[in-house]
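Let's take a walk through this one, going from ring pairs to a few individual residues and then on to the pockets. Keep the viewer open as you read.

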Amino acid sequence: MTNQVTFTMPARQLKALAISASKDDVRYYLKGIAFDFTGTHPVAVSTDGHRLLAIKIDIPVEQTPTRDMKKSYIVPLDAIQSLKTKKFDEITITIRDDETYSLSNNGTETSGRLIEGRFPDWRKVTPTEVSGEPGQYQADYIGDFGKISTLLDAKYPTISHNGDKGPALINLTDDSFGVLMPFRAENTPTETPNWV
């Protein structure tokens, strides 16, 4: 008998997760959104190795994953992006232990096989404390977190810095956060250009 978990997520949350997912990576298992049922709360996570977004999922009590479903399942990004959605749509997601999924929205449905592979342990790269020391970050990634915060209605997102040696924590909402890896500042100009 196939076990399954069915729940809904706002389309805007899935769009936010799509921003931080890998688009073109030899690590094919990053080209999707992981639905992680291993912890106390189910979490949807995406990462491209430079940035990460995690969102706590609300699953009805009667749909609580059984013990044999307590792992991560990766739904392909292209399947999620194939759904035509509006900002306030709710997407119904079904994940089955036979490694298949289905997504439905407004009478349209797509289904297929989950991505095989092991999603990285995102908890290991999530800072448990921050130093407050400023770091250097890629500007387009910071811009992407601006788009993410708009989709998640994050009123006052903040970056909790960890210097150039550790990832920064992006505080978004009570149910979501981001992680941003710094880059080394050795090649970053430290003076105003002489033409000024």
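Start with the aromatics: searching the whole structure turns up five aromatic pairs. One of them is made by F37 and Y73, a tilted pair with 5.8 Å from centre to centre and 45° between the planes. This pair links distant parts of the chain, since F37 sits in the loop between β2 (32-36) and β3 (43-47) while Y73 belongs to strand β5 (residues 72-76), 36 residues apart. Keep in mind while you look that this is a predicted model.

How accessible are the two partners? F37 has 2% relative accessibility, so it counts as buried. Y73 is buried too, because its relative accessible area is 1%, and the cut-off for that label is under 20%.

Now move along the chain to W122 and F177, which form another tilted aromatic pair, this time with 6.4 Å between centres and 40° between planes. W122 lies in helix α3 (residues 122-125) and F177 in strand β11 (residues 176-180), so this pair ties together parts that are 55 residues apart in sequence. Are these two rings buried or exposed? W122 comes out as buried, with a relative accessible area of 8%, whereas F177, at 22%, is partly exposed. The limit explains that label: buried means under 20%, and F177 has a relative accessible area of 22%, so it is partly exposed.

Back to F37 and Y73 for a moment, as they have company. Ring pairs join F7, F35, F37 and Y73 into a cluster. If you colour those four residues, you can see where F37 in its loop and Y73 in β5 fit into the group.

Helix α3 deserves another look, as V125 is located there as well. With 38% relative accessibility, V125 counts as partly exposed. What does V125 touch, once neighbours within four places in sequence are left aside? Its contacts are L52, P167 and V179. You can also line V125 up against V45: the two are 80 residues apart along the chain, and their C-alpha atoms are separated by 12 Å.

Next come two residues to check for their backbone angles. E99, a residue other than glycine, has a positive phi, near 70°. You'll find E99 in the loop between β6 (90-96) and β7 (100-105), and it is partly exposed, with a relative accessible area of 23%. Then there's N106, where phi is near 50°, again a positive value in a residue other than glycine. N106 is in the loop between β7 and β8 (108-113). Is N106 buried or exposed? It is exposed, since its relative accessible area is 63% and that label applies over 50%.

On to the pockets. The largest one has a volume of about 320 Å³. Its lining is made of 16 residues, and K71, S72, G117, R118 and F119 are the ones that lie nearest the centre. Which elements each supply at least two residues of this lining? They are β5 and α3, so-called old acquaintances by now. β5 gives the most, with three residues. Sorted by class, the lining of the largest pocket has six nonpolar, three polar and seven charged residues.

The second largest pocket has a volume of about 220 Å³. It is lined by 14 residues, and nearest its centre you'll find Q13, I55, K56, D58 and D175. Here β1 (4-10), α1 (11-20) and β4 (51-56) each supply at least two lining residues, and β1 gives the most, with three. The residues lining this second pocket divide into five nonpolar, four polar and five charged.

Let's finish on Q13, one of the residues nearest the centre of that second pocket. Q13 is found in helix α1. With a relative accessible area of 17%, Q13 is buried. What does Q13 touch, not counting residues up to four places away in sequence? Its partners are I55 and L152, and I55 is itself listed among the residues nearest the centre of the second largest pocket.

Key
Residues numbered from 1 in each chain as written. Predicted model: local features only at pLDDT ≥ 70, side-chain atom pairs only at ≥ 80, totals over all residues. Heavy atoms only, no water. Phe/Tyr/Trp six-rings, centres within 6.5 Å; stacked < 30°, edge-to-face > 60°. Buried < 20%, exposed > 50% of the residue type's maximum accessible area, 1.4 Å probe, protein only. Contact = heavy atoms within 4.5 Å. 1 Å grid on protein atoms, 1.4 Å probe; cavity = no way out; pocket = protein on both sides within 12 Å on 5 of 7 lines; lining within 4 Å. Points joined across faces, edges and corners; volume = space filled by probe spheres on them. Nonpolar A, V, L, I, M, F, W, Y, C, P; charged D, E, K, R; others polar.
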